[in-house]
Each structure stands twice: as C-alpha cells, then as structure tokens.
Amino acid sequence: MHEKKKNDAITRRIDILSESLGYEKEDKHIFTMQRDPETKRILLDAQNGEWQTDEPIFIHDKENEDKLYVALDAHKAAAILQALQESARENFHLKLEKAIWKHTPVDFQDVWVVAMEKIKEKAAEESQGASTVVNLDDLIADIKREHPQLFVDLSALFSAAQQ
C-alpha cells in the first residue's frame, strides 16, 4: 500500500510538471532510475512508454524520491533555451523602455543608446561569467543627472506655465 501511495504521488508530480511544460498527453513516457552499486551503472526501467520518442521522458530516481528528471531531445532542449533567452531579452527591453519613459525623454532613442552603453560598460567591469544586475530606474536617473538635456524638465515647464 505504501508503494502505491508513492507511485500516486510521483504520478501527480509528473502530471503537474508535464502540464507546466505544455504537455498534457495521457500516456507519458515514464522511467525509473536506479544505481547498481556493483557496476556503478545507472539502470533505467521503463514504467510506461518508450525511450525512442520525440516527447519528454520523465525519469524518477528510486533512491532519491524527491528527484524527478525530464529528458528531451537535444534540438528541443536548445529550442526551449533559445525561447527563454529571447523572452528574457524582450522582458529586459520592455523594462528599460518603461524606465526611460518614466523620466520623460526628449528623444527616446538617444536615451536608449546612452543606457545601453552604460549597461555594456557595467557588464565589462563585472568579473567574467558573473551576471550583471542593473537597477534600470537608478540607471536612467543617473543618466538624467549626467545628461539633463536628454530629458524634459517638467518642473521648469510647470514654473514657466504658472508665471
């Protein structure tokens, strides 16, 4: 009975994971993995489905119940990584655009170019391999202080309008 509950829990985790991957097919390819202590080989045992498939393969580690792996064709994995990188790039561009517009630029493109140069400089200063984290609001505020001519001075406009 205990084994059935474990299998049900694993099946639920696989269902949740496969759904998050956008894969909702009923018959999933599920394998269990176990290490052979004598040969130090890893043995895969097919529980459901086949190894030769274009679909994701779910591998449950029998020795470590918390471990669940997903095996993908290398081309599909590369496509997923490329899509994630493109999504991250688009997200960054949208955040930078929003930060620039908040400060009322005279010429959006000029501010964009200066911001990208500052980001490249900061990335070059960072150690190799380390990811560069930039607070975009602070970056644009710094650019506004250094290059006020790139932004509309709203306080001056309001003062002039009141006089």
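## The second largest pocket

In this predicted model, helix 3 supplies the largest share of the lining of the second largest pocket, namely 5 residues. Two elements give two or more residues to that lining, helix 3 (108-125) and helix 4 (136-146), and the space in the second largest pocket comes to about 170 Å³. The lining is made up of Lys118, Ile119, Glu121, Lys122, Glu125, Val133, Val134, Asn135, Asp138, Leu139 and Asp142, and by character these residues divide into 6 charged, 4 nonpolar and 1 polar.

## Helix 4 and its cap

Two of the lining residues of the second largest pocket, Asn135 and Leu139, also appear in the description of helix 4. Asparagine 135 caps the N-terminal end of helix 4, with a side-chain oxygen that lies 3.1 Å from the backbone nitrogen of aspartate 137. Leu139 is buried in helix 4, as are Leu136, Ile140, Ala141 and Ile143, and what covers the buried residues of this helix includes helix 2 (74-102) and helix 3.

An α-helix has 3.6 residues a turn, so residues three or four places apart point the same way. The buried positions of helix 4, including Leu136, Leu139 and Ile143, can be viewed in the structure with that spacing in mind.

## The largest pocket

The largest pocket holds about 290 Å³ of space, and its lining consists of 13 residues, among which Asn7, Ile10, Thr32, Gln47 and His60 lie nearest the centre of the pocket. Helix 1 (2-20), strand 1 (29-35) and strand 2 (42-48) are the elements that give two or more residues to this lining, and the largest share, 6 residues, comes from helix 1. Sorted by character, the lining of the largest pocket has 6 polar, 4 charged and 3 nonpolar residues.

## Strand 3 and its partners

His60, one of the residues nearest the centre of the largest pocket, belongs to strand 3, where His60 and Phe58 point one way while Ile57, Ile59 and Asp61 point the other way, and all of them are buried. Strand 3 (residues 57-61) is accordingly described as mostly covered, with 5 of its 5 residues buried.

Strand 3 pairs with two other strands, in opposite senses: with strand 1 the pairing is parallel and runs over 5 bridges, whereas with strand 4 (residues 68-71) the pairing is antiparallel and runs over 4 bridges. Within the first of these pairings, aspartate 61 of strand 3 is the bridge partner of methionine 33, and within the second, tyrosine 69 of strand 4 is the bridge partner of isoleucine 59. The link from strand 3 to strand 4 is a hairpin of 6 residues.

## Serine 18 in helix 1

Which residues beyond its neighbours within four places in sequence is serine 18 in contact with? Serine 18, which lies in helix 1, is in contact with Tyr23, Lys28 and Phe58 when those neighbours are left aside. Because its relative accessible area is 1%, which falls under the 20% cut-off, serine 18 counts as buried. Its contact Phe58 is likewise buried, in strand 3.

## The chain as a whole

The secondary structure of the protein chain comes to 5 helices and 4 strands, and read along the sequence these follow the pattern α-β-β-β-β-α-α-α-α. Buried residues make up 21% of the 163 residues in the chain. Of the contacts between residues at least 6 apart in sequence, 49% join residues that are at least 24 apart.

Note on methods: Residues are numbered from 1 along each chain as its sequence is written. This is a predicted model: local features need pLDDT of at least 70, side-chain atom pairs count only at pLDDT 80 or more; totals for chains, interfaces and linings use all residues. Side-chain values use heavy atoms; hydrogens and water are left out. On a 1 Å grid over the protein atoms alone, a cavity is a set of points where a 1.4 Å probe fits but cannot get out, and a pocket is an open set with protein on both sides within 12 Å along at least five of seven lines; lining residues have an atom within 4 Å of a point. Grid points are joined across faces, edges and corners, and a volume is the space filled by probe spheres set on the points. Ala, Val, Leu, Ile, Met, Phe, Trp, Tyr, Cys and Pro count as nonpolar, Asp, Glu, Lys and Arg as charged, and the others, Gly among them, as polar. Buried means under 20% relative accessible area, exposed over 50%, partly exposed in between (1.4 Å probe, protein chains only). Two strands pair if DSSP finds at least two bridges between them. Contact means heavy atoms within 4.5 Å. A polar contact is a pair of N or O atoms within 3.5 Å; within protein, one must be able to donate a hydrogen and the other to accept it, and residues adjacent in sequence count only if both atoms are side-chain atoms.
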